[in-house]
Amino acid sequence: PNKQFIDQYLEGWRVGDGAMIHRATAEGFTYDDPNTGIIPRSGFIEFFDDFKQAAADLKGVPVTEPFLDYRDMVMDKSAPVWTVWCWWHAVGTDFQGSAVIKVGEDGVQSEQIAYYTKLPDQTP
């Protein structure tokens, strides 16, 4: 079941379908975003809609499919709860970062993301 859950979860992000993502999550799922904090499963759909809108605002047009692109994915399947690391990128923007996802037999348990950005110019 772990593979089915992670495949559905990532596909939901790829196509921009919050309900698909939500269906792949476990009951105690949390999403940890450095800008908004820890989002429980019950608040995920609202968070996802806001996240998707932020990407649309960066693009200047509505989000189309694909929404996110994944690369450099690594999966540790050595324990009952798998750990998945990946680099994500909102297609058509510079909005990108990394993610660590935990997935078990009951669904995706958590995701923790970090954003990638350039440092401000340090020139005096």
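This report describes the sheet, the helices packed on it, the nonpolar core and one buried glutamate in a predicted model.

## Basis of the description

Local features are given only where pLDDT is at least 70 and side-chain atom pairs only at pLDDT 80 or more, whereas totals for chains, interfaces and linings use all residues of this predicted model. Residues are numbered from 1 along each chain as its sequence is written, and side-chain values use heavy atoms, with hydrogens and water left out.

## The sheet

Helices (H or I, at least four residues) and strands (E, at least two) are DSSP runs numbered from the N terminus, and two strands pair if DSSP finds at least two bridges between them. On that basis an open sheet of 6 strands has the order 2-1-6-5-4-3, with mixed pairing. Strand 2 (37-40) and strand 3 (68-76) stand at the edges with a single partner strand each, so one side of each has no neighbour in the sheet. Neighbouring strands are turned by 20° against each other on average, direction ignored.

Strand 1 (residues 25-33) runs parallel to strand 6 (residues 107-116) and is joined to it by 4 bridges, with aspartate 32 having glutamine 112 as its bridge partner. Strand 5 (residues 96-104) runs antiparallel to strand 6 through 9 bridges, and these two strands form a hairpin with 2 residues between them. On its other pairing, strand 5 is joined by 8 bridges to strand 4 (residues 82-90), again antiparallel, and tryptophan 82 stands opposite valine 103 there.

## Helices on the sheet

Helix 1 (residues 2-15) lies across strands 1, 3, 4, 5 and 6, running at about 150° to strand 5; axes are lines fitted to C-alpha atoms, for helices over the stretch in contact, and angles run from 0 to 180 degrees between N-to-C directions. Helix 3 (residues 44-59) touches strands 1, 2, 4 and 6, and its direction makes about 40° with that of strand 1.

## The core and glutamate 111

The largest nonpolar core (buried Ala, Val, Leu, Ile, Met, Phe, Trp, Tyr and Cys residues joined through side-chain atoms within 4.5 Å) has 29 residues, of which Tyr9, Trp13, Tyr31, Phe51 and Ile101 touch the most other members.

Glutamate 111, in strand 6, stands opposite isoleucine 101, and its contacts (heavy atoms within 4.5 Å) include Tyr9, Trp13 and Tyr31. Glutamate 111 is buried (under 20% relative accessible area, 1.4 Å probe, protein chains only), yet has no salt bridge, that is, no side-chain nitrogen of Lys or Arg within 4 Å of a carboxyl oxygen of Asp or Glu. The nearest side chain of opposite charge, arginine 41, is 13 Å away.

Technical notes. Buried < 20%, exposed > 50% of the residue type's maximum accessible area, 1.4 Å probe, protein only. Lys, Arg positive; Asp, Glu negative; His and termini not counted. Lists of a residue's contacts leave out its neighbours within four places in sequence.
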